[in-house]
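Colleague: Could you take me through how to read this one? I would like the general idea each time, then the case at hand.

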Amino acid sequence: MSAVAPDELNVYRSADARFEAAAQKLGLEDGVYRYLKYPSKEITVYVPVALDTGKLEVFIGYRVLHSAVRGPGKGGIRFAPNVSIDEVRALAAWMTWKCAVVNIPFGGAKGGVICDPTKLSRSELERITRRYTAELSEWLGPERDVPAPDLGTNEQTMAWVMDTYSMHVRQATTAVVTGKPLELGGSQGRREATGRGLMLCCNKAIHKLGMYSQNCRVIIQGFGNVGSQAAQLMHEAGYKIIGLADIYGGLYNENGLDIPKVMDWVYTQRKALPDFPEGGEKLSAQEILFRPCEILVPAATENQITTENAHRVDCKILCEGANGPTTSYADPIIERKGIFVIPDILGNAGGVTVSYFEWVQDRQGFFWREREVNERLRDVMERSFDEVVRYAEVHKVNNRVAAYIVAIDRVARALKLRGIYA
Ligand code: NAD
């Protein structure tokens, strides 16, 4: 049984608490506060799907558009058994703030289907994706709401979304979704983008704190898209990756893990991460978070650092790759420990930034070289990092509150300029 407060693990509560704190510090006027606190639209769809056995099943899906004030909604589609409307609502709001922190012209949205992708066949997943997209087709679109992959979905899922939407509107519409395969209008560099963004933020943070990558021990929880790419890129940049974990368990090796070999083990040989032969000590997926290191990157899932365990976190920099890995209740504990936090809405924004580049390229019908994508990503991440950290220093708030204030202020200004349509 968990000893945390009953609502601590409710991610909507976490998102809302951060919004409240920042709105108060910003002195957001009452009407604007209410406007931004609630989503613009919440849609529930009941998705009938014939399973391979012939049995008819109905899956529950959601799409929440939190804000379209600064541009079309943008946000992933999650396939997971524990998807809930609260979670989708929180993730949609986070997308609004994330797009605003890095100043790209999108609002925020998120979607999800309650299902277990590990227990469904490829054709069942295809039918769920297509019917979910068809049910939402009038709400989606390059100028309305643009989905992307998230937990349990991938490039193939996005290809099915693009095809289904295109069939409904009777024309190929690549820009309706991002995170697509390169053959269908995907962008160079998208797969690495979130991990690259995390590394760029870590580079800035260590520079600021007078540290060097060669002396930085890094622990990464999560070895999926985000965690594995962050590990690979940080390893190449000279960081020493001493700990890794996925849902099956963790590895800890003080001498540093050979990341290319781990990548080969997991992604080419398709073997379990905890069985990696030169992995050192085996730990649980959560225990890895508490080993001493300079940089801790939770890049798996939400609610990993809570009031129950935050006192055990032993790092100088906490760089959040997952959305909501730290609960709002745990924030003050981390702050008291003097840890430099790179909050999720900044740290993992590299993914949505290159999604924005993908959307631009699709609309232009003109594709950039990988080097151009990476350079533009670096510009965005470094500028955004500087803006957040400067705000935090000038206004004497922590980095998380600063990121929210920068974001909320941008959305509020856009809202005031647009006015309220009535
Ligand atoms: P993924 O499905 O590719 O990988 C998730 C990884 O986390 C897997 O290695 C899985 O085994 C591991 N994991 C899951 N639960 C765990 C647990 N309880 N303990 C330890 N490991 C666990 O997903 P992803 O795309 O890498 O996303 C990871 C996180 O990053 C999510 O919170 C997602 O919302 C966020 N995120 C992803 C992107 C992106 O571009 N993919 C962008 C921004 C934020």
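## Reading the model

Modeller: Start with burial. Asn303 is buried, because its relative accessible area is 15% and buried means under 20%. Bear in mind that this is a predicted model.

Colleague: Where is Asn303 found?

Modeller: In a loop. Asn303 sits between strand 10 (295-298) and strand 11 (317-319).

Colleague: Which residues is Asn303 in contact with, leaving aside its neighbours within four places in sequence?

Modeller: Asn303 is in contact with Glu8, Leu9, Val11, Gly324, Pro325 and Thr327. Look at Leu9 in particular. A polar atom of the Asn303 side chain lies 2.9 Å from the backbone oxygen of Leu9.

Colleague: Now a second residue. Is Ile345 buried or exposed?

Modeller: Buried, because the relative accessible area of Ile345 is 0%. This residue lies in helix 10 (residues 344-347). Leaving aside neighbours within four places in sequence, Ile345 is in contact with Trp94, Trp97, Lys98, Val101, Ala403 and Tyr404.

Colleague: How far apart are Ile345 and Ser355?

Modeller: Give both separations. They are 10 residues apart in sequence, and 15 Å apart in space, C-alpha to C-alpha.

Colleague: On to sheets. How do strands of a sheet pair?

Modeller: Strands of a sheet pair through backbone hydrogen bonds, in either the parallel or the antiparallel sense. Here, five strands form an open sheet with mixed pairing, in the order 1-2-4-3-5. At the edges are strand 1 (41-50) and strand 5 (145-149), each pairing on one side only. From one strand to the next, the twist averages 25°.

Colleague: Take me across that order. How many bridges join strand 1 to strand 2?

Modeller: 10 bridges, and the two strands run antiparallel. Thr44 stands opposite Tyr62 of strand 2. Check the hairpin too. It has five residues between the strands, and Gly54 takes a positive phi near 100°.

Colleague: And strand 2 with strand 4?

Modeller: Strand 2 (residues 56-67) and strand 4 (residues 108-114) also run antiparallel, joined by six bridges. Gly61 has Val113 in strand 4 as its bridge partner.

Colleague: In what sense do strand 3 and strand 4 pair?

Modeller: In the parallel sense, over four bridges. Phe79 stands opposite Val113 in strand 4. So Val113 is worth locating from two sides: it is the bridge partner of Gly61, and Phe79 stands opposite it. Strand 3 and strand 5 pair in the parallel sense as well, over five bridges. There, Gly76 stands opposite Ala148.

Colleague: Why is strand 3 described as largely enclosed by the rest of the structure?

Modeller: Count buried residues. Eight of the eight residues of strand 3 are buried, so the strand is largely enclosed.

Colleague: Which helix lies across strand 1, strand 2, strand 3 and strand 4?

Modeller: Helix 4 (residues 122-135). The helix runs at about 140° to strand 1.

Colleague: Last, helix crossings. How do you describe helix 6 and helix 11?

Modeller: Give distance, angle and hand. The axes of helix 6 (residues 190-208) and helix 11 (residues 350-364) come within 7 Å and cross at roughly 145°. The crossing is right-handed.

Colleague: Which residues in helix 6 and helix 11 meet?

Modeller: Helix 6 brings Arg190, Ala193, Thr194 and Gly197. Helix 11 brings Gly350, Gly351, Val354, Ser355 and Glu358. Sort the contact by residue type: two are nonpolar, five polar and two charged.

Conventions:
Residues numbered from 1 in each chain as written. Predicted model: local features only at pLDDT ≥ 70, side-chain atom pairs only at ≥ 80, totals over all residues. Heavy atoms only, no water. Buried < 20%, exposed > 50% of the residue type's maximum accessible area, 1.4 Å probe, protein only. Polar contact = N/O pair within 3.5 Å; in protein donor to acceptor, adjacent residues only side chain to side chain. Contact = heavy atoms within 4.5 Å. Axes fitted to C-alpha atoms, helices over the stretch in contact; angles between N-to-C directions. Left-handed = near helix turned anticlockwise from the far one by under 90°. Nonpolar A, V, L, I, M, F, W, Y, C, P; charged D, E, K, R; others polar. Pairing = 2+ DSSP bridges.
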